[in-house]
Amino acid sequence: MNHIKIICVCGAGTMGSGIAQVAAQAGFQTIQFDLNPDMVEKSKQSIETGLTKMVDKGRMTIADKDAIVNRILFTSDIQQCRADLIIEAIIEKKEAKTGLFQSLSVINAPDTILATNTSSISVTEIAVTIPYPERVIGMHFFNPAPLMKLVEIIRTDKNTDLIIEKTLSVTKQMQKTPVLCKDAPGFIVNRVARHYYLEAMRFVEKEQVSIESIDQLMEASGFKMGPFKLMDLIGMDINYGVSNIVWEALDKPVRLTPSPLQRAKVEAGELGRKTGKGFYNYGSSQ
Ligand SMILES: NC(=O)c1ccc[n+]([C@@H]2O[C@H](COP(=O)([O-])OP(=O)(O)OC[C@H]3O[C@@H](n4cnc5c(N)ncnc54)[C@H](O)[C@@H]3O)[C@@H](O)[C@H]2O)c1
């Protein structure tokens, strides 16, 4: 089995930046690519800040931190995206993801694994548009990627056993816990968790309960984050997009109807922490 040495992460937003950090921390040569040079710069700063906090807490040395940052090539030039494993974490739009993989398949070997971090788009529907579709697989990380252990590995009927084995193995090398899932709408976590968000928003709309009360109660009952704080962390555009895709893929069941409350937030550009305002105010984007 050929071993994976170079990992390229496409998209330098909330998830891509965290995944690039995870890859470099695990010792892989890492490429962090985004079309937008400002996002590339922001990712570099965010990774450095994250690692500096670990140095301050005594969890790594300055030399370790420098070595990790030096293992990452930050770029906005797609021609530099040549790797053994490419993980895309760009916007949640099928056409954008298939377009990116098509461009990358021209400059990479046929056995380069093309993994998508999509939260909800059918991995099979992406795979069938790409040359050598057997190497297209889902690697669904959770937010924040450097902290969350779970990675859903979404297999399609086209994947070979070798591709699945290599993806499971590299995920473990990245110090994560892979769980193999079928390619079904919302996979497992996002399907089950949809109600956590949707019921909470319905409650606010119909019963006029405050978002703060719901978050406080859910946290007091044992959840790490209340649904509104979690939606702000995920990003309203991403979470609303997932709700729509899952709802449509399951033939629009009433119980999974996307919330007008969240649509209004998206339309107002109040996307959560990344824009400085979502259900809560954060002062400046973080
Ligand atoms: N936010 C979450 O909590 C979360 C969790 C798991 C999975 N995901 C998935 O990860 C992906 C990224 O989500 P995010 O929250 O990081 O989004 P984001 O909006 O924070 O970042 C997306 C980045 O992709 C870049 N981009 C857009 N088109 C591109 C292209 N063609 N080539 C290169 N870069 C491009 C943008 O410039 C932006 O920097 C989505 O598919 C989302 O569903 C998100």
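Biologist: Which residues does UniProt list for "domain: 3-hydroxyacyl-CoA dehydrogenase NAD binding"?

Modeller: Keep in mind that we're looking at a predicted model. The name comes from the UniProt record, and the entry is unreviewed. Over the stretch in question, the chain is 41% helix and 22% strand, and its end C-alpha atoms are 23 Å apart. The record gives residues 7–183.

Biologist: Okay, on to Glu88. Is Glu88 buried or exposed?

Modeller: Glu88 has its place in strand β4, which covers residues 85–88. Buried means under 20% relative accessible area. Glu88 comes in at 0%, so it counts as buried.

Biologist: Which residue's side chain does the side chain of Glu88 join in a polar contact of 2.5 Å?

Modeller: Let's look at who is around. Leaving aside neighbours within four places in sequence, Glu88 is in contact with several residues, including Cys10, Lys97, Phe101 and Thr116. A polar atom of the Glu88 side chain also lies 2.9 Å from a backbone nitrogen, that of Ile90. The side-chain partner at 2.5 Å is Thr116.

Biologist: What about Thr75: buried or exposed?

Modeller: You'll find Thr75 in strand β3, residues 72–75. Its relative accessible area is 4%, and the cut-off for buried is under 20%. So Thr75 is buried.

Biologist: Which residue's backbone nitrogen does the side chain of Thr75 reach at 2.9 Å?

Modeller: Not counting residues up to four places away in sequence, Thr75 touches Ile31, Gln32, Phe33, Asp34, Val40 and Gln80. Met218 is another story: its C-alpha atom is separated from that of Thr75 by 41 Å, with their positions 143 residues apart along the chain. The backbone nitrogen at 2.9 Å belongs to Asp77.

Biologist: Now the ligand. How much of its exposed area does the protein bury?

Modeller: Start with some polar contacts. An oxygen atom of the ligand lies 2.6 Å from a polar side-chain atom of Asp34. For Asn117, a side-chain N or O atom is 2.9 Å from a ligand oxygen, and for Lys274 that distance is 3.1 Å. Taken alone the ligand exposes 840 Å², and the share the protein buries is 89%.

Biologist: Which elements give two or more residues to the shell around the ligand?

Modeller: The ligand is surrounded by 23 residues, and the closest are Asp34, Glu92, Lys97, Ser119 and Ile234. By type, the shell divides into ten nonpolar, nine polar and four charged residues. The elements giving two or more are α1 (14–25) and β6 (136–141).

Definitions and conventions: Residues are numbered from 1 along each chain as its sequence is written. This is a predicted model: local features need pLDDT of at least 70, side-chain atom pairs count only at pLDDT 80 or more; totals for chains, interfaces and linings use all residues. Side-chain values use heavy atoms; hydrogens and water are left out. Helices (H or I, at least four residues) and strands (E, at least two) are DSSP runs, numbered from the N terminus. Buried means under 20% relative accessible area, exposed over 50%, partly exposed in between (1.4 Å probe, protein chains only). A polar contact is a pair of N or O atoms within 3.5 Å; within protein, one must be able to donate a hydrogen and the other to accept it, and residues adjacent in sequence count only if both atoms are side-chain atoms. Contact means heavy atoms within 4.5 Å. UniProt positions are given in the numbering used here, feature names are shortened, and annotations may be inferred rather than shown by experiment. A residue is near a molecule or strand if one of its heavy atoms lies within 4 Å of it. Accessible areas come from the Shrake-Rupley method with a 1.4 Å probe; for residues, only the protein chains shown count as cover. Ala, Val, Leu, Ile, Met, Phe, Trp, Tyr, Cys and Pro count as nonpolar, Asp, Glu, Lys and Arg as charged, and the others, Gly among them, as polar.
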